[in-house]
Amino acid sequence: MLVRLMYASRAASGVDDEELHAILRQAKATNPKRGVTGALCFADGIFIQVLEGGRDSVSALYNRIAADARHTDVVLLAYREIAERHFAGWSMGQVNMSRLNPALLLKYSECARLDPYKLSGGVTMALFEELVATASIMGQP
Ligand code: FAD
């Protein structure tokens, strides 16, 4: 049984691009063994991550991530059983912020700033799905 989970969190102070790359390295090294795929966005000190995979694997990984001291205020935005993956091509893709079109943000929110704490989970998921469709997610499988 496949599930898709999305959460948002605030980066702890001191978390920078170097730490982000360490997190992505860790995800790319271990997610394939667990059959987990997904994408991670880091902008303005906020993480948004989508995890897809078997229910037990996604649940265990989410619990481990939620306990990580590198972020706080972890909020579950969406969780559902799925028939197919949307992020199958990425063990953990990275949203390419330089390709993030302000018009895309304005399509879904009041201002051209990514703030998942002010959006519904459904809206944030729709935004992520457009990021996949517009090739704004990068990274190795
Ligand atoms: P260990 O590596 O043994 O670490 C022990 C504890 O320390 C854990 O609680 C861990 O969360 C914490 N920790 C580890 N490194 C640091 C550090 N540099 N600073 C502060 N605390 C630390 N892991 C994945 O495998 N896949 C993912 O997709 C993934 N996504 C992540 C997304 C975000 C936003 C964050 C913050 C972390 C993510 N991680 C991911 C890392 C994950 O939280 C764990 O660190 C990792 O899975 C290793 O877990 P472990 O139990 O082997 O812990």
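**Second largest pocket**

I began with the second largest pocket and sorted its lining by class: two residues are nonpolar, one is polar and four are charged. The model I am reading is a predicted one. I then listed the residues that line this second largest pocket and found Ser109, Glu110, Cys111, Arg113, Asp115, Lys118 and Leu119. I noted a volume of about 160 Å³ for the second largest pocket.

**Largest pocket**

I turned next to the largest pocket, for which I wrote down a volume of about 330 Å³. Its lining has 16 residues, and I marked Ile23, Gln26, Ile65, Asp68 and Arg70 as those that lie nearest the centre. By class, I entered seven nonpolar, five polar and four charged residues for this lining.

Which element gives the most to the lining of the largest pocket? I found that α1 does, with six residues. I also noted that α1, β3 and α2 each supply at least two residues of that lining.

**Ligand**

I looked up the surroundings of the ligand and found 17 residues there. I put down Thr30, Asn31, Gln49, Arg64 and Asp68 as the closest. Sorted by class, the shell around the ligand holds seven nonpolar, five polar and five charged residues.

I then checked side-chain contacts to oxygen atoms of the ligand. For Gln49, I have a polar side-chain atom 3.1 Å from a ligand oxygen. For Arg64, the distance from a polar side-chain atom to an oxygen of the ligand is 3.2 Å. For Arg70, I wrote 3.2 Å for a polar side-chain atom and a ligand oxygen.

How much of the ligand does the protein bury? I have 900 Å² exposed for the ligand taken alone, and the protein buries 67% of that.

I went on to the elements behind the shell. Those that give two or more residues to the shell around the ligand are α1 (17-34), β3 (46-54) and α2 (55-66). The largest share of this shell comes from α1, with seven residues.

**Aromatic pairs**

Last, I counted aromatic pairs and got three. I described one of them, Tyr7 and Tyr62, by its geometry: the ring centres are 5.7 Å apart and the planes stand at 55°, so I entered the pair as tilted. That label rests on the cut-offs, since planes under 30 degrees apart count as stacked and those over 60 as edge-to-face.

Where do Tyr7 and Tyr62 lie? I placed Tyr7 in strand β1 (residues 2-11) and Tyr62 in helix α2. The pair therefore ties together parts that are 55 residues apart in sequence.

How values were computed. Residues are numbered from 1 along each chain as its sequence is written. This is a predicted model: local features need pLDDT of at least 70, side-chain atom pairs count only at pLDDT 80 or more; totals for chains, interfaces and linings use all residues. Side-chain values use heavy atoms; hydrogens and water are left out. A residue is near a molecule or strand if one of its heavy atoms lies within 4 Å of it. A polar contact is a pair of N or O atoms within 3.5 Å; within protein, one must be able to donate a hydrogen and the other to accept it, and residues adjacent in sequence count only if both atoms are side-chain atoms. Accessible areas come from the Shrake-Rupley method with a 1.4 Å probe; for residues, only the protein chains shown count as cover. Helices (H or I, at least four residues) and strands (E, at least two) are DSSP runs, numbered from the N terminus. Ala, Val, Leu, Ile, Met, Phe, Trp, Tyr, Cys and Pro count as nonpolar, Asp, Glu, Lys and Arg as charged, and the others, Gly among them, as polar. On a 1 Å grid over the protein atoms alone, a cavity is a set of points where a 1.4 Å probe fits but cannot get out, and a pocket is an open set with protein on both sides within 12 Å along at least five of seven lines; lining residues have an atom within 4 Å of a point. Grid points are joined across faces, edges and corners, and a volume is the space filled by probe spheres set on the points. Rings of Phe, Tyr and Trp (its six-membered ring) pair if their centres lie within 6.5 Å; planes under 30 degrees apart count as stacked, over 60 as edge-to-face and the rest as tilted.
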